[in-house]
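Visitor: I would like a close look at a single part of this protein: the space enclosed inside it, and whatever surrounds that space. Please take me through it in one go.

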Amino acid sequence: MRFKVVIPARYASTRLPAKPLLDLGGRPMVVRVAERALLSGADEVLVATDHAEVVASAEHYGLRVLLTRADHASGTDRLAEVVELAGWSDDTIVVNVQGDEPLIDPALIAMTATRLATSGADIATVAHPLTDAADFFNPHIVKVVCAAGGDALYFSRAPIPYARDHFARETGGETLPADMPAFRHIGLYAYRARFLRTYSRLTASPLEALEALEQLRALWHGFRISVAIADHLPGAGVDTPEDARRMQEWFKKV
């Protein structure tokens, strides 16, 4: 199976300016992400950025990179521009790997691409079983509920599905029922280029604005999202200065 990986790398970040260029063991973070993606079996890995410094850094390490517009609302919008700039055919499978995931498991990237190819869905993504009640009630952890065939019914920051009787007995929500189908969403996505061309023309959904989850736009408009269940979580990403310091310490040890 052939697929591409695109790494959106927006230069500006409220909490961590110039995030793609964060030094991790002597290499910029975006390069570390690309090195992981290259191990996934992708036939091409491409960095998509809005800043000349990121372009220069990626090219220095021999990576393919495209300079994209600075006004994209999301990484998916940036991928849609890449599809046009690269001239990829409608059936091309494109995996979106976030530019702040330097420990991403290459096997998860391949799993996401395979799920799209075998499911016939418009989008594929990944989830992992949730067993910790604190994570389940944490609004920073996105949950997904799936249909019997594995398609996503809904994504939310709220605790879904809600075990009414269990939580009525346990008012503090200390535990989850043993057989509860609770899943944490992992933010890896695979698309066909055809869908990305369509996505750029879709109107925003009120649900995506409320939840701050762009995948709800696709569900709102009736597109299928197939969810693969992973047996492990990816390594931690980098969102804050504290995350950056921890990641820099980790790379000093390897």
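Guide: The lining of the largest cavity is made up of 5 nonpolar residues, 2 polar and 1 charged. This is a predicted model, and what follows is computed from it. The residues that line the cavity are Thr76, Ile123, Tyr189, Tyr191, Tyr199, Glu214, Gln215 and Ala218. Two elements each give two or more residues to this lining, namely strand 10 (183–192) and helix 9 (215–220). The space inside comes to about 50 Å³, and the structure holds 1 cavity of 30 Å³ or more.

One of the lining residues, Ala218, also belongs to a nonpolar core of 30 residues, which includes Leu66, Ala193 and Leu213 as well. That core is separate from the largest one, which has 39 residues. In the largest core, the residues with the most contacts inside it are Phe3, Val5, Ile7, Val95, Val97, Ile109 and Leu188. Helix 1 (residues 29–37) gives the most to the largest core, with 6 residues. As for Val5, its contacts beyond four places in sequence include Ala37, Val45, Leu46, Val95, Val97 and Ile109, and also Ser40 and Glu44.

Back at the cavity, the tyrosines of the lining deserve a second look. Tyr189, Tyr191 and Tyr199 line the cavity, and ring pairs link these three with Phe195 and Phe223 into a cluster. Across the whole structure, a search finds 9 aromatic pairs. In one of them, the ring centres of Phe195 and Tyr199 are 6.0 Å apart and the planes meet at 45°, so this pair is tilted. Phe195 and Tyr199 sit 4 residues apart in helix 7 (residues 193–199), about one turn of the helix. Both Phe195 and Tyr199 are buried.

Another aromatic pair, formed by Trp250 and Phe251, is edge-to-face, with 5.0 Å from centre to centre and 75° between the planes. Its two members differ in how they are covered. Trp250 has 41% relative accessibility and therefore counts as partly exposed, whereas Phe251, at 9%, counts as buried.

To return to the part you asked about: Tyr199 lines the cavity, pairs with Phe195 in a tilted arrangement and is part of the aromatic cluster, while Ala218 links the lining to the core of 30 residues.

Methods:
Residues numbered from 1 in each chain as written. Predicted model: local features only at pLDDT ≥ 70, side-chain atom pairs only at ≥ 80, totals over all residues. Heavy atoms only, no water. Core = buried A, V, L, I, M, F, W, Y, C linked by side-chain atoms within 4.5 Å. Buried < 20%, exposed > 50% of the residue type's maximum accessible area, 1.4 Å probe, protein only. Contact = heavy atoms within 4.5 Å. 1 Å grid on protein atoms, 1.4 Å probe; cavity = no way out; pocket = protein on both sides within 12 Å on 5 of 7 lines; lining within 4 Å. Points joined across faces, edges and corners; volume = space filled by probe spheres on them. Nonpolar A, V, L, I, M, F, W, Y, C, P; charged D, E, K, R; others polar. Phe/Tyr/Trp six-rings, centres within 6.5 Å; stacked < 30°, edge-to-face > 60°.
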